[in-house]
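Here's a relaxed walk through one protein model, meant for someone meeting it for the first time. Have a look at it first, then read on.

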Amino acid sequence: MTSEDPSESGWYDAQLTILDPVWGTFRPQPLTHTQVGLPAANPSGTRLSAVAGLMSDRGLYVGDLVLIDPAEGQRTTVSTGGVDVTSQCWDGDSTLVFAGMRGLDTVIGRYRADMGTTEVISVLAATCGTMAPDITAKAGLVACTTTGYATPPALTLLKPGTEPVVEPGTEPVELVSFAHEGTDHVAAAGGAIERIAWQAADGVTIEGLLVSPPGPGPHPLVVNIHGGPVWAWRDEWSMHYAHTPLLASRGYAVLHPNMRGSLGRGQKFIASGLLDMGAADAADLVAGVDALVAASRIDPERVGVTGNSYGGFMAAWLIATSDRFAAAIARSPVTDWVSQHYTSNIPGFDRICFSGDPLDPQSTYRTRSPLYLADRVHTPILLIAGANDLATPPQQASMFHHALVEHGADSTLVIYQDEGHGVRGRAATIDQGTRMVEFFDQHLAGGQTP
(Lines give C-alpha, C1' and ligand atoms only; values in the text may rest on other atoms or scores of the structure.)
Protein backbone atom coordinates (compact mmCIF):
# COMPACT_ATOMS: atom_id res chain seq x y z
CA MET A 1 0.00 0.00 0.00
CA THR A 2 1.39 3.41 -0.97
CA SER A 3 0.38 7.03 -0.54
CA GLU A 4 1.95 10.39 -1.34
CA ASP A 5 0.81 11.57 2.11
CA PRO A 6 3.35 10.41 4.76
CA SER A 7 1.01 11.14 7.68
CA GLU A 8 -1.28 8.70 9.48
CA SER A 9 -4.15 10.26 7.56
CA GLY A 10 -2.58 9.18 4.27
CA TRP A 11 -4.03 5.69 4.70
CA TYR A 12 -7.47 6.91 3.63
CA ASP A 13 -6.14 7.59 0.10
CA ALA A 14 -3.61 4.75 -0.11
CA GLN A 15 -3.46 2.57 -3.22
CA LEU A 16 -2.46 -1.00 -3.83
CA THR A 17 0.86 -0.77 -5.70
CA ILE A 18 2.99 -3.45 -7.36
CA LEU A 19 6.76 -3.07 -7.21
CA ASP A 20 8.67 -4.69 -10.08
CA PRO A 21 11.95 -5.82 -8.41
CA VAL A 22 13.72 -6.17 -11.79
CA TRP A 23 12.93 -2.77 -13.27
CA GLY A 24 12.34 -0.97 -9.99
CA THR A 25 9.04 0.45 -11.21
CA PHE A 26 5.79 0.98 -9.32
CA ARG A 27 2.42 0.14 -10.82
CA PRO A 28 -0.59 1.50 -8.88
CA GLN A 29 -3.65 -0.75 -8.95
CA PRO A 30 -6.63 1.55 -8.29
CA LEU A 31 -9.45 -0.62 -6.96
CA THR A 32 -12.21 1.68 -5.74
CA HIS A 33 -12.83 5.18 -4.48
CA THR A 34 -12.85 3.79 -0.95
CA GLN A 35 -10.18 2.23 1.25
CA VAL A 36 -8.02 -0.83 0.56
CA GLY A 37 -6.31 -3.21 2.97
CA LEU A 38 -4.90 -6.70 3.57
CA PRO A 39 -2.98 -7.11 0.28
CA ALA A 40 -1.80 -10.67 -0.37
CA ALA A 41 -0.33 -12.75 -3.18
CA ASN A 42 -0.34 -16.45 -4.00
CA PRO A 43 3.04 -18.26 -3.80
CA SER A 44 3.78 -17.91 -7.53
CA GLY A 45 2.79 -14.25 -7.66
CA THR A 46 0.29 -14.87 -10.45
CA ARG A 47 -2.71 -13.75 -8.41
CA LEU A 48 -3.14 -10.87 -5.98
CA SER A 49 -5.94 -10.20 -3.54
CA ALA A 50 -7.08 -7.41 -1.25
CA VAL A 51 -10.08 -6.15 0.69
CA ALA A 52 -11.74 -2.98 -0.61
CA GLY A 53 -14.56 -0.95 0.91
CA LEU A 54 -15.52 1.88 3.22
CA MET A 55 -13.40 1.65 6.36
CA SER A 56 -13.06 3.99 9.31
CA ASP A 57 -9.81 2.78 10.89
CA ARG A 58 -6.43 1.60 9.71
CA GLY A 59 -6.09 -1.85 11.24
CA LEU A 60 -9.83 -2.54 11.04
CA TYR A 61 -9.99 -3.76 7.47
CA VAL A 62 -13.35 -4.82 6.09
CA GLY A 63 -15.01 -4.97 2.71
CA ASP A 64 -15.31 -6.90 -0.50
CA LEU A 65 -12.73 -9.53 -1.44
CA VAL A 66 -11.06 -8.53 -4.70
CA LEU A 67 -8.79 -10.55 -7.02
CA ILE A 68 -6.23 -8.78 -9.22
CA ASP A 69 -4.39 -10.18 -12.21
CA PRO A 70 -0.96 -8.50 -11.87
CA ALA A 71 -0.17 -8.98 -15.56
CA GLU A 72 -3.40 -7.64 -17.06
CA GLY A 73 -4.64 -5.51 -14.19
CA GLN A 74 -8.04 -7.17 -14.37
CA ARG A 75 -10.02 -7.03 -11.13
CA THR A 76 -12.72 -9.43 -9.97
CA THR A 77 -14.92 -9.17 -6.89
CA VAL A 78 -15.25 -12.57 -5.26
CA SER A 79 -18.70 -13.75 -4.24
CA THR A 80 -18.45 -14.47 -0.50
CA GLY A 81 -22.11 -15.15 0.20
CA GLY A 82 -22.79 -11.84 1.90
CA VAL A 83 -19.73 -11.90 4.17
CA ASP A 84 -17.95 -8.65 5.00
CA VAL A 85 -14.36 -9.91 4.76
CA THR A 86 -11.90 -8.97 7.52
CA SER A 87 -9.12 -11.53 6.93
CA GLN A 88 -7.79 -13.40 3.89
CA CYS A 89 -4.77 -15.48 2.93
CA TRP A 90 -3.64 -17.82 0.14
CA ASP A 91 -3.35 -21.54 0.77
CA GLY A 92 -1.54 -22.55 -2.40
CA ASP A 93 -1.74 -20.96 -5.83
CA SER A 94 -5.47 -21.26 -6.38
CA THR A 95 -7.16 -21.36 -2.97
CA LEU A 96 -7.99 -18.20 -1.07
CA VAL A 97 -9.23 -18.60 2.51
CA PHE A 98 -11.18 -15.76 4.09
CA ALA A 99 -13.03 -14.86 7.28
CA GLY A 100 -15.48 -12.13 8.17
CA MET A 101 -18.93 -11.34 9.45
CA ARG A 102 -22.40 -11.98 8.08
CA GLY A 103 -24.86 -10.43 10.49
CA LEU A 104 -23.75 -11.60 13.92
CA ASP A 105 -22.15 -14.78 12.56
CA THR A 106 -18.44 -15.23 12.00
CA VAL A 107 -18.03 -17.04 8.69
CA ILE A 108 -14.88 -18.78 7.44
CA GLY A 109 -14.78 -19.80 3.80
CA ARG A 110 -12.52 -20.48 0.85
CA TYR A 111 -12.56 -19.41 -2.76
CA ARG A 112 -11.12 -21.69 -5.44
CA ALA A 113 -9.82 -19.32 -8.08
CA ASP A 114 -9.30 -22.01 -10.72
CA MET A 115 -12.98 -23.02 -10.51
CA GLY A 116 -14.53 -19.73 -9.44
CA THR A 117 -16.39 -21.37 -6.55
CA THR A 118 -16.86 -20.37 -2.91
CA GLU A 119 -17.30 -22.84 -0.03
CA VAL A 120 -18.22 -22.34 3.60
CA ILE A 121 -15.71 -23.92 5.97
CA SER A 122 -17.38 -22.94 9.23
CA VAL A 123 -20.03 -20.65 10.69
CA LEU A 124 -19.31 -19.69 14.30
CA ALA A 125 -22.02 -18.39 16.61
CA ALA A 126 -19.18 -16.98 18.70
CA THR A 127 -16.13 -15.65 16.87
CA CYS A 128 -12.38 -15.70 16.28
CA GLY A 129 -9.59 -13.13 16.20
CA THR A 130 -9.21 -9.96 18.23
CA MET A 131 -10.44 -6.72 16.65
CA ALA A 132 -12.20 -8.65 13.87
CA PRO A 133 -12.42 -12.25 12.61
CA ASP A 134 -8.90 -13.37 11.72
CA ILE A 135 -7.53 -16.68 10.43
CA THR A 136 -4.48 -18.29 8.88
CA ALA A 137 -4.44 -21.31 6.57
CA LYS A 138 -1.94 -23.84 5.26
CA ALA A 139 -2.20 -27.27 3.60
CA GLY A 140 -5.97 -27.31 3.88
CA LEU A 141 -6.04 -26.53 7.60
CA VAL A 142 -7.33 -23.31 9.15
CA ALA A 143 -6.06 -22.01 12.48
CA CYS A 144 -7.55 -19.20 14.53
CA THR A 145 -8.11 -17.99 18.08
CA THR A 146 -11.73 -18.71 18.98
CA THR A 147 -13.55 -16.89 21.74
CA GLY A 148 -17.03 -16.32 23.17
CA TYR A 149 -18.53 -14.06 25.84
CA ALA A 150 -18.23 -16.76 28.49
CA THR A 151 -15.46 -18.71 26.74
CA PRO A 152 -11.87 -17.46 27.06
CA PRO A 153 -9.69 -17.40 23.93
CA ALA A 154 -8.37 -20.73 22.70
CA LEU A 155 -6.04 -21.66 19.86
CA THR A 156 -8.25 -23.67 17.54
CA LEU A 157 -7.83 -25.78 14.40
CA LEU A 158 -10.57 -26.24 11.82
CA LYS A 159 -10.38 -29.41 9.73
CA PRO A 160 -12.63 -28.98 6.72
CA GLY A 161 -13.29 -31.98 4.49
CA THR A 162 -12.61 -32.21 0.80
CA GLU A 163 -16.26 -31.54 -0.03
CA PRO A 164 -18.06 -28.26 0.60
CA VAL A 165 -19.07 -28.02 4.22
CA VAL A 166 -22.74 -27.65 5.04
CA GLU A 167 -23.51 -24.95 7.59
CA PRO A 168 -22.90 -24.63 10.48
CA GLY A 169 -19.62 -26.16 9.31
CA THR A 170 -17.04 -28.39 10.89
CA GLU A 171 -16.57 -28.52 14.61
CA PRO A 172 -13.39 -26.77 15.76
CA VAL A 173 -10.64 -28.72 17.50
CA GLU A 174 -9.35 -26.82 20.53
CA LEU A 175 -5.57 -27.09 20.82
CA VAL A 176 -4.78 -24.72 23.70
CA SER A 177 -7.22 -22.96 26.02
CA PHE A 178 -6.29 -19.87 28.01
CA ALA A 179 -8.95 -20.50 30.66
CA HIS A 180 -7.98 -20.31 34.35
CA GLU A 181 -9.59 -19.62 37.71
CA GLY A 182 -9.82 -15.91 36.97
CA THR A 183 -11.66 -16.42 33.68
CA ASP A 184 -13.96 -18.91 35.40
CA HIS A 185 -14.92 -16.19 37.89
CA VAL A 186 -15.54 -13.60 35.16
CA ALA A 187 -17.68 -16.03 33.17
CA ALA A 188 -19.75 -16.93 36.23
CA ALA A 189 -20.29 -13.32 37.33
CA GLY A 190 -20.75 -11.71 33.92
CA GLY A 191 -24.34 -12.68 33.15
CA ALA A 192 -25.66 -14.32 29.98
CA ILE A 193 -25.49 -13.17 26.37
CA GLU A 194 -28.19 -13.41 23.72
CA ARG A 195 -28.80 -12.20 20.20
CA ILE A 196 -31.62 -9.72 19.73
CA ALA A 197 -33.05 -7.72 16.82
CA TRP A 198 -35.45 -4.81 16.49
CA GLN A 199 -37.01 -2.61 13.83
CA ALA A 200 -35.71 0.89 13.19
CA ALA A 201 -38.19 3.67 12.47
CA ASP A 202 -37.80 3.15 8.71
CA GLY A 203 -38.31 -0.62 8.97
CA VAL A 204 -34.65 -1.68 8.75
CA THR A 205 -33.79 -4.60 11.04
CA ILE A 206 -31.00 -3.79 13.50
CA GLU A 207 -29.15 -6.52 15.37
CA GLY A 208 -27.31 -6.54 18.65
CA LEU A 209 -26.11 -8.55 21.60
CA LEU A 210 -27.68 -8.19 25.03
CA VAL A 211 -25.87 -9.22 28.20
CA SER A 212 -28.27 -9.65 31.10
CA PRO A 213 -27.59 -10.19 34.81
CA PRO A 214 -29.20 -13.06 36.71
CA GLY A 215 -32.70 -12.60 38.09
CA PRO A 216 -35.94 -11.17 36.78
CA GLY A 217 -36.15 -7.77 35.14
CA PRO A 218 -36.76 -5.11 34.37
CA HIS A 219 -33.07 -4.25 34.77
CA PRO A 220 -31.29 -0.92 34.49
CA LEU A 221 -29.67 -0.73 31.07
CA VAL A 222 -26.37 0.59 29.72
CA VAL A 223 -26.18 0.98 25.94
CA ASN A 224 -22.56 0.28 24.94
CA ILE A 225 -21.77 1.81 21.52
CA HIS A 226 -18.80 0.42 19.60
CA GLY A 227 -16.11 2.53 17.95
CA GLY A 228 -15.36 2.87 14.27
CA PRO A 229 -18.14 3.12 13.28
CA VAL A 230 -17.07 0.46 10.76
CA TRP A 231 -16.68 -2.23 13.37
CA ALA A 232 -19.19 -4.52 15.07
CA TRP A 233 -19.94 -6.24 18.31
CA ARG A 234 -19.41 -10.00 18.21
CA ASP A 235 -19.96 -12.74 20.75
CA GLU A 236 -16.43 -12.55 22.18
CA TRP A 237 -14.70 -12.80 25.53
CA SER A 238 -15.95 -10.03 27.88
CA MET A 239 -17.33 -8.23 24.80
CA HIS A 240 -13.80 -6.91 24.14
CA TYR A 241 -13.78 -4.66 27.21
CA ALA A 242 -13.65 -5.47 30.92
CA HIS A 243 -16.58 -3.25 31.83
CA THR A 244 -19.38 -5.34 30.29
CA PRO A 245 -19.06 -8.31 32.71
CA LEU A 246 -18.30 -5.81 35.48
CA LEU A 247 -21.55 -3.94 34.87
CA ALA A 248 -23.52 -7.18 34.50
CA SER A 249 -22.14 -8.38 37.83
CA ARG A 250 -23.54 -5.19 39.37
CA GLY A 251 -27.05 -5.85 38.07
CA TYR A 252 -27.02 -3.94 34.78
CA ALA A 253 -28.14 -5.24 31.42
CA VAL A 254 -25.74 -4.10 28.68
CA LEU A 255 -26.93 -3.67 25.08
CA HIS A 256 -24.32 -3.89 22.30
CA PRO A 257 -26.04 -2.57 19.15
CA ASN A 258 -24.73 -2.99 15.60
CA MET A 259 -26.43 0.09 14.21
CA ARG A 260 -25.99 1.43 10.69
CA GLY A 261 -22.32 1.85 9.90
CA SER A 262 -21.44 -1.53 11.44
CA LEU A 263 -19.82 -4.30 9.45
CA GLY A 264 -21.59 -7.56 8.68
CA ARG A 265 -24.41 -6.17 6.57
CA GLY A 266 -22.65 -5.07 3.39
CA GLN A 267 -21.36 -1.80 1.97
CA LYS A 268 -24.76 -0.10 1.70
CA PHE A 269 -25.39 -0.62 5.42
CA ILE A 270 -21.90 0.65 6.25
CA ALA A 271 -22.28 3.75 4.06
CA SER A 272 -25.66 4.65 5.58
CA GLY A 273 -23.95 5.09 8.95
CA LEU A 274 -20.39 6.17 8.19
CA LEU A 275 -21.41 8.87 5.73
CA ASP A 276 -24.22 10.27 7.90
CA MET A 277 -23.05 9.92 11.50
CA GLY A 278 -25.55 11.12 14.07
CA ALA A 279 -28.65 10.52 11.95
CA ALA A 280 -30.12 7.06 11.26
CA ASP A 281 -27.48 5.39 13.44
CA ALA A 282 -28.62 7.42 16.46
CA ALA A 283 -32.25 6.53 15.73
CA ASP A 284 -31.27 2.84 15.52
CA LEU A 285 -29.90 3.00 19.07
CA VAL A 286 -32.98 4.68 20.54
CA ALA A 287 -35.21 2.16 18.75
CA GLY A 288 -33.27 -0.65 20.45
CA VAL A 289 -33.94 0.87 23.86
CA ASP A 290 -37.61 1.29 23.02
CA ALA A 291 -37.86 -2.35 21.95
CA LEU A 292 -36.42 -3.55 25.26
CA VAL A 293 -38.79 -1.27 27.18
CA ALA A 294 -41.76 -2.61 25.21
CA ALA A 295 -40.68 -6.16 26.05
CA SER A 296 -40.46 -5.22 29.77
CA ARG A 297 -36.79 -6.24 29.77
CA ILE A 298 -35.43 -2.96 31.12
CA ASP A 299 -36.49 -0.03 33.28
CA PRO A 300 -37.15 3.00 31.01
CA GLU A 301 -36.19 5.41 33.81
CA ARG A 302 -32.76 3.83 34.34
CA VAL A 303 -31.04 3.86 30.94
CA GLY A 304 -27.43 4.95 30.51
CA VAL A 305 -25.13 5.11 27.51
CA THR A 306 -21.39 4.74 26.98
CA GLY A 307 -18.96 4.32 24.12
CA ASN A 308 -15.38 4.86 23.02
CA SER A 309 -14.13 6.94 20.08
CA TYR A 310 -17.05 7.05 17.61
CA GLY A 311 -19.05 5.51 20.47
CA GLY A 312 -17.89 8.38 22.67
CA PHE A 313 -19.07 10.88 20.07
CA MET A 314 -22.41 9.10 19.90
CA ALA A 315 -22.82 9.09 23.69
CA ALA A 316 -22.27 12.87 23.74
CA TRP A 317 -24.47 13.39 20.67
CA LEU A 318 -27.39 11.39 22.08
CA ILE A 319 -27.61 13.42 25.30
CA ALA A 320 -27.26 16.65 23.30
CA THR A 321 -30.18 15.75 21.04
CA SER A 322 -32.52 13.88 23.40
CA ASP A 323 -33.47 13.37 27.04
CA ARG A 324 -33.79 9.60 26.58
CA PHE A 325 -30.80 8.72 28.78
CA ALA A 326 -30.36 9.23 32.52
CA ALA A 327 -26.53 9.14 32.46
CA ALA A 328 -23.73 9.04 29.91
CA ILE A 329 -20.04 8.12 29.88
CA ALA A 330 -18.19 9.31 26.77
CA ARG A 331 -14.72 7.80 26.38
CA SER A 332 -12.18 9.24 23.92
CA PRO A 333 -15.00 11.23 22.29
CA VAL A 334 -15.20 13.69 19.44
CA THR A 335 -17.39 16.61 20.50
CA ASP A 336 -16.38 19.24 17.90
CA TRP A 337 -15.67 18.01 14.38
CA VAL A 338 -14.25 21.40 13.36
CA SER A 339 -11.37 21.39 15.85
CA GLN A 340 -11.11 17.59 15.47
CA HIS A 341 -10.24 18.08 11.80
CA TYR A 342 -7.43 20.51 12.60
CA THR A 343 -5.92 18.78 15.65
CA SER A 344 -6.33 15.04 15.00
CA ASN A 345 -3.68 12.95 13.24
CA ILE A 346 -6.41 11.49 10.99
CA PRO A 347 -8.28 14.40 9.33
CA GLY A 348 -8.75 12.09 6.36
CA PHE A 349 -11.37 10.24 8.40
CA ASP A 350 -13.79 13.14 8.86
CA ARG A 351 -13.25 14.17 5.22
CA ILE A 352 -14.94 10.96 4.09
CA CYS A 353 -17.77 11.32 6.62
CA PHE A 354 -18.90 14.92 6.39
CA SER A 355 -19.91 17.28 3.61
CA GLY A 356 -18.72 20.81 3.13
CA ASP A 357 -15.75 22.65 4.56
CA PRO A 358 -14.89 22.43 8.26
CA LEU A 359 -14.96 26.24 8.50
CA ASP A 360 -18.46 26.51 7.02
CA PRO A 361 -20.91 26.94 9.94
CA GLN A 362 -23.64 25.36 7.78
CA SER A 363 -21.65 22.19 7.14
CA THR A 364 -22.25 18.93 8.99
CA TYR A 365 -18.89 19.51 10.70
CA ARG A 366 -20.76 22.10 12.77
CA THR A 367 -24.31 20.75 12.81
CA ARG A 368 -23.23 17.26 13.99
CA SER A 369 -20.97 18.52 16.81
CA PRO A 370 -22.29 18.05 20.37
CA LEU A 371 -20.20 21.02 21.58
CA TYR A 372 -22.51 23.56 19.96
CA LEU A 373 -25.51 21.96 21.67
CA ALA A 374 -24.02 22.01 25.17
CA ASP A 375 -26.69 24.42 26.42
CA ARG A 376 -29.34 21.76 25.72
CA VAL A 377 -27.74 18.98 27.78
CA HIS A 378 -29.46 18.01 31.04
CA THR A 379 -28.00 14.50 31.40
CA PRO A 380 -25.12 13.90 33.84
CA ILE A 381 -21.99 12.88 31.94
CA LEU A 382 -18.56 11.47 32.73
CA LEU A 383 -15.97 12.38 30.08
CA ILE A 384 -12.83 10.23 29.86
CA ALA A 385 -9.78 10.79 27.65
CA GLY A 386 -6.12 9.91 27.34
CA ALA A 387 -3.59 12.75 27.49
CA ASN A 388 -1.58 11.13 24.68
CA ASP A 389 -4.49 10.51 22.32
CA LEU A 390 -3.57 11.64 18.80
CA ALA A 391 -6.73 10.38 17.09
CA THR A 392 -9.31 12.10 19.30
CA PRO A 393 -7.24 14.60 21.30
CA PRO A 394 -8.17 15.08 24.99
CA GLN A 395 -9.22 18.66 24.23
CA GLN A 396 -12.36 17.16 22.69
CA ALA A 397 -13.47 15.94 26.10
CA SER A 398 -12.25 18.98 28.02
CA MET A 399 -13.94 21.53 25.71
CA PHE A 400 -17.29 19.79 26.05
CA HIS A 401 -16.84 19.52 29.81
CA HIS A 402 -16.17 23.24 30.24
CA ALA A 403 -19.06 24.18 27.95
CA LEU A 404 -21.40 21.94 29.94
CA VAL A 405 -20.27 23.32 33.31
CA GLU A 406 -20.62 26.88 32.02
CA HIS A 407 -24.25 26.10 31.17
CA GLY A 408 -25.01 24.45 34.50
CA ALA A 409 -24.84 20.81 33.43
CA ASP A 410 -23.52 17.97 35.61
CA SER A 411 -20.18 17.02 34.02
CA THR A 412 -17.08 15.23 35.30
CA LEU A 413 -13.80 15.12 33.38
CA VAL A 414 -11.07 12.49 33.82
CA ILE A 415 -7.87 12.57 31.74
CA TYR A 416 -5.38 9.72 32.14
CA GLN A 417 -1.87 11.10 31.74
CA ASP A 418 -0.25 7.89 30.46
CA GLU A 419 -3.05 6.74 28.13
CA GLY A 420 -3.73 7.30 24.46
CA HIS A 421 -6.77 6.42 22.35
CA GLY A 422 -8.73 4.35 24.85
CA VAL A 423 -7.66 3.24 28.31
CA ARG A 424 -5.41 0.17 28.10
CA GLY A 425 -2.99 0.20 31.05
CA ARG A 426 -3.83 -2.11 33.94
CA ALA A 427 -4.03 0.53 36.66
CA ALA A 428 -5.98 2.95 34.47
CA THR A 429 -8.38 0.19 33.37
CA ILE A 430 -9.15 -0.68 37.00
CA ASP A 431 -9.63 2.99 37.85
CA GLN A 432 -11.87 3.57 34.84
CA GLY A 433 -14.00 0.54 35.64
CA THR A 434 -14.43 1.72 39.21
CA ARG A 435 -15.44 5.20 38.07
CA MET A 436 -17.91 3.80 35.54
CA VAL A 437 -19.64 1.62 38.13
CA GLU A 438 -19.78 4.43 40.69
CA PHE A 439 -21.14 6.87 38.12
CA PHE A 440 -23.90 4.58 36.87
CA ASP A 441 -24.73 3.47 40.42
CA GLN A 442 -25.15 7.12 41.39
CA HIS A 443 -27.32 8.16 38.46
CA LEU A 444 -29.18 4.97 37.59
CA ALA A 445 -29.55 3.63 41.13
CA GLY A 446 -28.96 0.17 39.77
CA GLY A 447 -25.92 -1.09 41.57
CA GLN A 448 -25.69 -4.18 43.67
CA THR A 449 -22.88 -5.72 45.67
CA PRO A 450 -21.25 -8.52 43.61
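How many bridges join strand S11 to strand S13? Two: S11 (residues 127-128) and S13 (residues 141-148) run antiparallel and are joined by two bridges. Threonine 127 is the residue that faces threonine 147 in S13. Before going further, keep in mind that this is a predicted model.

**Around strand S13**

S13 has other partners too. Strand S12 (residues 136-138) pairs with S13 in the antiparallel sense over three bridges, and strand S14 (residues 151-158) pairs with S13, also antiparallel, over six bridges. Here are the three pairings, each with a facing pair of residues.

| Strands | Sense and bridges | A facing pair |
|---|---|---|
| S11 and S13 | antiparallel, two bridges | threonine 127 and threonine 147 |
| S12 and S13 | antiparallel, three bridges | lysine 138 and leucine 141 |
| S13 and S14 | antiparallel, six bridges | cysteine 144 and threonine 156 |

Now for the turns. The hairpin of S12 and S13 has two residues between the strands, and there alanine 139 takes a positive phi near 55 degrees. S13 is also joined to S14 by a hairpin, again through two residues.

**Leucine 124**

Leucine 124 sits in strand S10 (residues 117-124). Is leucine 124 buried or exposed? Its relative accessibility is 11%, so leucine 124 counts as buried. Apart from neighbours within four places in sequence, leucine 124 is in contact with Asp105, Thr106, Ile108, Thr146 and Arg195. Take threonine 106: in sequence it is 18 residues from leucine 124, while the C-alpha atoms are 5.1 Å apart in space.

**The eight-stranded sheet**

Elsewhere there's an open sheet of eight strands with mixed pairing, in the order S16-S17-S19-S18-S20-S21-S22-S23. Its edges are strand S16 (192-199) and strand S23 (411-416), each of which pairs on one side only. From one strand to the next, the twist averages 20 degrees.

Inside this sheet, S20 (residues 298-308) and S21 (residues 327-331) pair in the parallel sense over five bridges. Asparagine 308 has arginine 331 in S21 opposite it.

**Helix H5, lying across the strands**

Helix H5 (residues 310-321) lies across strand S18 (219-225), S20, S21 and strand S22 (381-386), and runs at about 140 degrees to S20. Its length checks out: at 1.5 Å a residue, the 12 residues of H5 should span 16 Å, and the end C-alpha atoms are indeed 16 Å apart. Why is H5 described as largely enclosed by the rest of the structure? Because 11 of its 12 residues are buried. Among them are Tyr310, Phe313, Met314, Trp317 and Leu318.

**Helix H4 and aspartate 281**

Helix H4 (residues 280-294) passes a similar length check: its 15 residues should span 21 Å, which agrees with the 21 Å between its end C-alpha atoms. The buried residues in H4 include Asp281, Leu285, Val289 and Leu292. After H4 comes serine 296, with a positive phi near 60 degrees.

Aspartate 281, found in H4, deserves a closer look. Which side chain of opposite charge is nearest to aspartate 281? That's arginine 368, 6.4 Å away; aspartate 281 is buried yet has no salt bridge. Not counting residues up to four places away in sequence, aspartate 281 touches Met259, Arg260, Gly273, Asp276, Tyr310 and Met314. Tyr310 and Met314 are also listed among the buried residues of H5.

Key: Residues numbered from 1 in each chain as written. Predicted model: local features only at pLDDT ≥ 70, side-chain atom pairs only at ≥ 80, totals over all residues. Heavy atoms only, no water. Pairing = 2+ DSSP bridges. Helix = DSSP H or I, 4+ residues; strand = E, 2+ residues; numbered from the N terminus. Axes fitted to C-alpha atoms, helices over the stretch in contact; angles between N-to-C directions. Contact = heavy atoms within 4.5 Å. Expected span 1.5 Å × (residues − 1). Buried < 20%, exposed > 50% of the residue type's maximum accessible area, 1.4 Å probe, protein only. Lys, Arg positive; Asp, Glu negative; His and termini not counted. Salt bridge = Lys/Arg side-chain N within 4 Å of Asp/Glu carboxyl O.
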